[in-house]
Amino acid sequence: PNITPKVKLKFFRRDIIEQLSNYGTKIDDLKKQMKEYNENSEEIGDEQRILNGNSLVIPPDKFCDRCEKVLIGSEKFFLFPCSHGFHRNCLLAYLISHRQYMSPARIQRLEKIEMYESKVKTLISKKIAGFNPRNESELYRALADATKKKRTEEE
């Protein structure tokens, strides 16, 4: 606003000081945020540099160490740093066959995976109500929704 020469600033002194103090606090908060963002950016950069050195080249003829079929294809697979590779289902079957060496928590997770796998197979075999998933994640999402719905109905 325009201040005429007749207006004395001493009347606005408190307001000006208060506003400057508020701006100072906001600037300090922004500096803290910028410092945090810079630290996060540096951490991400460090992680990226570490990950860049941890890449593996998978030859097209790499075989699953369990079933000895070609690893790369339509099936999901895991490749370990030691260069062992397994199809997802092969690794799951191996883990299931070696349950006696696992902790109870891992066994529970495996049983949950087995339950989902069997439900997925049931859904696929029955082709329930014209259900035609476009991909695996859509299938699992539908399965999770159906499980929640069933639990709600049971309560």
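The structure holds one aromatic pair. Phenylalanine 80 and phenylalanine 86 form this pair, in an edge-to-face arrangement with 6.1 Å from centre to centre and 70° between the planes. The model is a predicted one. Its chain has 155 residues, of which 13% count as buried, and it contains four helices and two strands.

**The aromatic pair**
- Phenylalanine 86 counts as buried, because its relative accessibility is 14% and the cut-off for buried is under 20%.
- Phenylalanine 80, its partner in the pair, has a relative accessible area of 31% and is partly exposed.
- The arrangement counts as edge-to-face because the planes are 70° apart and the cut-off for that class is over 60 degrees.

**Chain layout and confidence**
- Along the sequence the elements follow the pattern α-β-β-α-α-α.
- Helix α1 covers residues 13–52 and strand β1 covers residues 77–79.
- Strand β2 covers residues 85–87, and helix α2 covers residues 88–97.
- Helix α4 is made of residues 136–154.
- The mean pLDDT of the chain is 78, with 73% of its residues reaching 70 or more.
- Among the elements of the chain, strand β2 has the highest mean pLDDT, at 88, and helix α4 the lowest, at 64.

**Surface and contacts of the whole chain**
- About 13600 Å² of the chain is exposed, and carbon and sulfur atoms supply 55% of that area.
- Of the contacts between residues at least 6 apart in sequence, 16% join residues at least 24 apart.

**The nonpolar patch**
- Leu9, Phe11, Phe12, Ile16, Leu20, Tyr23 and Ile27 make a nonpolar surface patch of about 750 Å².
- One of these residues, isoleucine 16, is placed in helix α1.
- Isoleucine 16 is partly exposed, with a relative accessible area of 40%; this value fits a place in the patch because patch residues need over 30%.

**Glutamate 68**
- Glutamate 68 lies in the loop between α1 and β1.
- The phi of glutamate 68 is positive, about 65°, although this residue is not a glycine.
- Most residues other than glycine have a negative phi.
- Glutamate 68 counts as exposed because its relative accessibility is 64% and the cut-off for exposed is over 50%.

**Histidine 84**
- Histidine 84 is in the loop between β1 and β2.
- The relative accessible area of histidine 84 is 39%, so this residue is partly exposed.
- Leaving aside residues up to four places away in sequence, histidine 84 touches Asp65, Phe78 and Leu79.
- From histidine 84 to phenylalanine 63 the C-alpha to C-alpha distance is 9.0 Å, and the two are 21 residues apart in sequence.

**Isoleucine 96**
- Isoleucine 96 belongs to helix α2.
- With 25% relative accessibility, isoleucine 96 counts as partly exposed.
- Isoleucine 96 touches Leu110 and Glu114, when residues up to four places away in sequence are not counted.
- Isoleucine 96 and leucine 110 are 7.2 Å apart in space, C-alpha to C-alpha, and 14 residues apart in sequence.

Technical notes:
Residues are numbered from 1 along each chain as its sequence is written. This is a predicted model: local features need pLDDT of at least 70, side-chain atom pairs count only at pLDDT 80 or more; totals for chains, interfaces and linings use all residues. Side-chain values use heavy atoms; hydrogens and water are left out. Buried means under 20% relative accessible area, exposed over 50%, partly exposed in between (1.4 Å probe, protein chains only). Patches are made of residues with over 30% relative accessible area and no salt bridge: like charges are joined within 9 Å, nonpolar side chains (Val, Leu, Ile, Met, Phe, Trp, Tyr) within 5 Å. Accessible areas come from the Shrake-Rupley method with a 1.4 Å probe; for residues, only the protein chains shown count as cover. A salt bridge is a side-chain nitrogen of Lys or Arg within 4 Å of a carboxyl oxygen of Asp or Glu. Rings of Phe, Tyr and Trp (its six-membered ring) pair if their centres lie within 6.5 Å; planes under 30 degrees apart count as stacked, over 60 as edge-to-face and the rest as tilted. pLDDT is the predictor's confidence in each residue, from 0 to 100. Contact means heavy atoms within 4.5 Å.
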